[in-house]
Amino acid sequence: MSEAVETPTTAAGPDESGLGEEYENEPVPASARKSLFAVSAVWVGFPMIMTSAVFSGIVVYNLGFVTGLLAIVVGDLILMGYVGTLSYLAGGSGKNFALTAADTFGARGFRIVSGFLSVLVIGWFAFQTGMVGSTLNVSMGWSATWITLLAGLLFVALTFVGIRAISWIGVVASALFVPLGVVAVVLAAGDTGFDSAFSYSGGAGASAFSFGVAVTMVIACFADSGTMTADFTRWARSGRQGALAAFAAFPVAYFIAQLVGALVVALGASAAADTTGGDFLHVLVGGGGILVPLAIVFVFVNLGSVCAHCLYNGAVGFGNITGKTMRQLTIVLGILGTVAAVAGIWSYFATWLNILGVLVPPIGVIIILDQLVFASKRAPARGGLYWKPFAAWAIGAAVALATHFYAPQLSDAVVAMLTGAVAFTLLTYAVRGSAVPAGAPVAQPVLSGENA
């Protein structure tokens with residue numbers, strides 16, 4: 001871009017907090033990039049969580065073990081390509097999601113996209129925080145309200161430290177999940193062994209949902225933060241390392257968590273397979289002894305990992321919109337999310353999944369096409385709002401919404417991706433020019449004085 005770039009003023013420099021620069025408003029410089037292990041650790045600890053086991057268990061309850069596992073694998077592979085490609089772009093540019101979205105949707109248009117996704121991830125923060133309270137209330141009889149408040153405070157403090165803390169809690173969370181997940185499955189198998197799992201045909205009966213709905217559930221569970229993967233993988237030293245870090249999460253870490261939940265349900269050990277799916281905390285608590293305190297620590301660390309990731313996504317996203325720092329917004333958004341968690345928003349997860357499955361996937365596909373496939377056809381950046389990506393997003397979401405009501409056997413998420421991609425491709429080739437005239441020059445949301 002040839003025009004000068006206005007430099008917004010941030011509230012804190014890299015040394016003011018003593019916790020390190022988070023580069024909310026500029027690309028991460030090469031000198032600050034992190035190792036493949038560090039970036040992978042951020043992502044691995046995100047999907048290897050109890051929530052993934054819960055949803056995979058619900059899928060298996062509806063479709064049976066073999067068919068459910070097939071739907072899980074299909075959804076994981078789609079996420080692998082989707083998140084991996086977006087991570088490749090982020091590792092190459094060093095830009096977070098908001099800056100990346102500004103390149104495709106415009107310096108004003110990105111606020112709509114980034115604001116929308118940031119609200120959704122804060123919703124997930126509230127959901128996961130509330131899940132800590134409800135899980136320990138069911139398993140231990142503790143007050144759900146007070147545990148939720150405690151969890152919210154701890155998770156806000158963790159996120160405030162920044163990407164380094166999120167990386168390390170990811171390592172600890174995955175290190176706890178694998179052995180405890182194995183113990184839970186072994187206890188669930190009991191004296192009958194694992195063979196019975198393969199013959200499990202599901203327990204939903206006539207109310208079972210379709211294969212397409214199952215694939216949408218798998219994708220939608222991480223559609224929002226997966227689309228915002230640049231917030232994490234911008235720290236990678238190259239596009240290749242960014243993609244590899246994403247692959248460590250999808251399918252590897254995600255599938256491990258899903259397999260545990262699927263087996264818990266298929267082996268008949270779920271407390272309520274239709275609603276809590278593969279939640280295996282009660283299995284650990286039932287084992288007694290050292291497993292009880294380990295299970296309690298596990299809940300806080302495991303769900304704390306995903307909460308910190310979601311809150312970080314939201315804080316970085318709103319940081320670009322408001323000009324405030326990640327840490328300032330972590331406090332504000334964390335308080336709002338914790339209040340929402342105490343109010344019980346965690347119990348409405350099905351509504352969040354439906355919204356995500358329809359509205360989010362076209363966004364990432366459009367960014368991939370615009371910045372990777374059709375890079376040579378992009379018009380010179382002029383600020384403002386670019387209408388073609390918004391039109392393609394609307395078309396993809398509308399067709400997916402129609403699919404949800406009139407063809408429920410299909411996957412809303414896949415339909416949204418495909419129709420959004422086709423619409424943007426046709427608009428790219430059929431219509432010249434991409435920016436809505438903005439009148440006065442519009443500053444790009446970047447803290448760099450260099451030309452992009």
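About 50 Å³ of space lies in the second largest cavity of this structure, which is a predicted model. A search of the whole structure turns up 3 cavities of 30 Å³ or more, and the largest of them has a volume of about 60 Å³. Here is a quick tour of the two cavities, the aromatic rings and one helix.

**The second largest cavity**

- The residues lining the second largest cavity are S52, F55, S56, V59, M217, V218, C221, Y254 and Q258.
- Helices α2 (50-63), α9 (211-220) and α12 (239-266) each supply at least two residues of this lining.
- Which helix gives the most to the lining of the second largest cavity? That is α2, with 4 residues.
- By residue type, the lining of the second largest cavity divides into 6 nonpolar, 3 polar and no charged residues.

**The largest cavity**

- Around the largest cavity you will find F46, I49, T51, W124, Q128, C221, F222, D224, S225, V306 and C310.
- Here α5 (109-140), α10 (223-227) and α14 (291-322) each supply at least two lining residues.
- The lining of the largest cavity divides into 7 nonpolar, 3 polar and 1 charged residue.
- C221 belongs to the lining of the largest cavity and also to that of the second largest.

**Aromatic rings**

- A pair of aromatic rings is described by the distance of the centres and the angle of the planes.
- The count for this model comes to 22 aromatic pairs.
- One of them joins W43 and F46, which are stacked at 5.2 Å centre to centre with 20 degrees between the planes; both W43 and F46 are buried.
- Another pair, F222 and Y254, is edge-to-face, with 5.1 Å centre to centre and 80 degrees between the planes.
- F222 lies in the loop between α9 and α10 and Y254 in helix α12, so their pair ties together parts that are 32 residues apart in sequence.
- Are F222 and Y254 buried or exposed? Both F222 and Y254 are buried.
- Ring pairs link W43, F46, F222, F232, F250, Y254 and Y312 into a cluster.
- Two members of this cluster are F46 and F222, and both F46 and F222 line the largest cavity, while cluster member Y254 lines the second largest cavity.

**Helix α3**

- Helix α3 covers residues 65-93, which makes 29 residues.
- From its first C-alpha to its last, α3 reaches 41 Å, close to the 42 Å expected at 1.5 Å a residue.
- After α3 comes G94, whose phi is positive, near 75 degrees.

Conventions:
Residues are numbered from 1 along each chain as its sequence is written. This is a predicted model: local features need pLDDT of at least 70, side-chain atom pairs count only at pLDDT 80 or more; totals for chains, interfaces and linings use all residues. Side-chain values use heavy atoms; hydrogens and water are left out. The expected span of a helix is 1.5 Å times one less than its number of residues. On a 1 Å grid over the protein atoms alone, a cavity is a set of points where a 1.4 Å probe fits but cannot get out, and a pocket is an open set with protein on both sides within 12 Å along at least five of seven lines; lining residues have an atom within 4 Å of a point. Grid points are joined across faces, edges and corners, and a volume is the space filled by probe spheres set on the points. Ala, Val, Leu, Ile, Met, Phe, Trp, Tyr, Cys and Pro count as nonpolar, Asp, Glu, Lys and Arg as charged, and the others, Gly among them, as polar. Rings of Phe, Tyr and Trp (its six-membered ring) pair if their centres lie within 6.5 Å; planes under 30 degrees apart count as stacked, over 60 as edge-to-face and the rest as tilted. Buried means under 20% relative accessible area, exposed over 50%, partly exposed in between (1.4 Å probe, protein chains only).
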